[in-house]
Amino acid sequence: MRSNKAKRLARLRFIALFLDQHADELPGVNSNVARRRLDELIDMLNEHAIAHEGTKTARRAETQRYQELRRQLVQNHMAHLVAVAQSVLMRDPGVRVFQMPRGNPHPLRLASIAKGLAEVAEAHTSEFIAAGIRKDFAAQLREAADAMLKSHDDREAERLHAAGALSGIDHRLRDAKSIVRVLGVLVRNEAQHQPALLASWHAVATPGRIARVAVSQGALPAGAPKAALSAPKMKLLASGAEPAAEPPTSDAGPMANLLAPLSRLFGAS
């Protein structure tokens, strides 16, 4: 499961924990069907997440097994059979069918080619045995092809299971998003006179938008003081830089503004 989905699942768990911790203050919310539905969705998401990670691990293991079985089929069975056929049956016109496939054929086609070689080679069993190949070479070739093909099918099945688990996660997260909205309405209605509780709810349910949401929903008491410093001054304070000197203010009115250039001129002289 990707990190963004894992974070959303963790947020749902934090919301459920918040409601458990404030059960006495939010009895109506915790007794609502939306709360029970949230718990059900969290359980289902946990199951989907475990299934998704499990299938990913199983698919990686099956991929390694498939690659090894394919290597064995090509190198230990097909290539060996073709090499012997081209050396023993040089004068036989049918030896031209004993060739290795080009490129990277699909596993199903590769298995078909291997079984075709086994069928043709059985017509020359005595020559192959005389060349030192085991008597059951054709059966071994077919078994190797079947094993490789089965491993490929098992890997695809794990991929489908992983895709199904991921789709289930997406559906449950969408359902949970709607449930959290309903719970938010219930919490705001029941805790409308408890600004601290509302602020805590927004911190858990909507991280990243705490201040704006809290103020818009009345989480701060009426008449609460605003920030003592503006944003630029707060930034300077946090960085430790020296603020620029502000020009002195004067109550002398427009005349002072007119005489200011003259005063600077005489002051410089």
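A contact here means heavy atoms within 4.5 Å. The legends below describe a predicted model.

**View 1. The whole chain is built from helices, with zero strands.**
The chain has ten helices. Read from the N terminus, its elements run α-α-α-α-α-α-α-α-α-α. Take the contacts with a separation of 6 or more: residues 24 or more positions apart account for 68% of them. Of the 269 residues in the chain, 29% are buried. The chain exposes about 17,500 Å². Carbon and sulfur atoms supply 56% of that exposed area.

**View 2. Helix 1 covers residues 3-21 and has the span expected from its length.**
Helix 1 holds 19 residues. At 1.5 Å a residue, these should span 27 Å. The end C-alpha atoms are 27 Å apart, so the model agrees with the expected value. Buried positions in helix 1 are Lys5, Leu9, Leu12, Ile15, Ala16, Phe18 and Leu19. Residues three or four places apart in an α-helix point the same way, because there are 3.6 residues a turn. The cover over the buried residues of helix 1 includes helix 2 (27-30) and helix 3. Helix 6 and helix 7 (195-205) are also among the elements that cover them.

**View 3. The second largest pocket has a volume of about 150 Å³.**
Its lining consists of Asn76, His77, His80, Leu81, Gly132, Ile133, Arg134, Phe137, Gln140 and Leu141. Helix 3 (33-88) and helix 6 (137-190) each supply at least two of these residues. The largest share, four residues, comes from helix 3. By class, the lining of this pocket has four nonpolar residues, five polar residues and one charged residue.

**View 4. Ala49 of helix 3 is set beside Ala162.**
Ala49 has a relative accessible area of 11%. The cut-off for buried is under 20%, so Ala49 counts as buried. In sequence, Ala49 and Ala162 are 113 residues apart. In space, their C-alpha atoms are 9.5 Å apart.

**View 5. Ala83, also a residue of helix 3, is shown with Phe98.**
The relative accessible area of Ala83 is 44%. That value falls between the 20% and 50% cut-offs, so Ala83 is partly exposed. Along the chain, Ala83 and Phe98 are 15 residues apart. A distance of 8.3 Å separates their C-alpha atoms.

**View 6. Asp136 sits in the loop between helix 5 and helix 6.**
Helix 5 spans residues 125-130. Asp136 is partly exposed, and its relative accessible area is 32%. Glu122 lies 14 residues from Asp136 along the chain. The C-alpha atoms of Asp136 and Glu122 are separated by 9.6 Å.

Definitions and conventions
Residues are numbered from 1 along each chain as its sequence is written. This is a predicted model: local features need pLDDT of at least 70, side-chain atom pairs count only at pLDDT 80 or more; totals for chains, interfaces and linings use all residues. Side-chain values use heavy atoms; hydrogens and water are left out. On a 1 Å grid over the protein atoms alone, a cavity is a set of points where a 1.4 Å probe fits but cannot get out, and a pocket is an open set with protein on both sides within 12 Å along at least five of seven lines; lining residues have an atom within 4 Å of a point. Grid points are joined across faces, edges and corners, and a volume is the space filled by probe spheres set on the points. Helices (H or I, at least four residues) and strands (E, at least two) are DSSP runs, numbered from the N terminus. Ala, Val, Leu, Ile, Met, Phe, Trp, Tyr, Cys and Pro count as nonpolar, Asp, Glu, Lys and Arg as charged, and the others, Gly among them, as polar. The expected span of a helix is 1.5 Å times one less than its number of residues. Buried means under 20% relative accessible area, exposed over 50%, partly exposed in between (1.4 Å probe, protein chains only). Accessible areas come from the Shrake-Rupley method with a 1.4 Å probe; for residues, only the protein chains shown count as cover.
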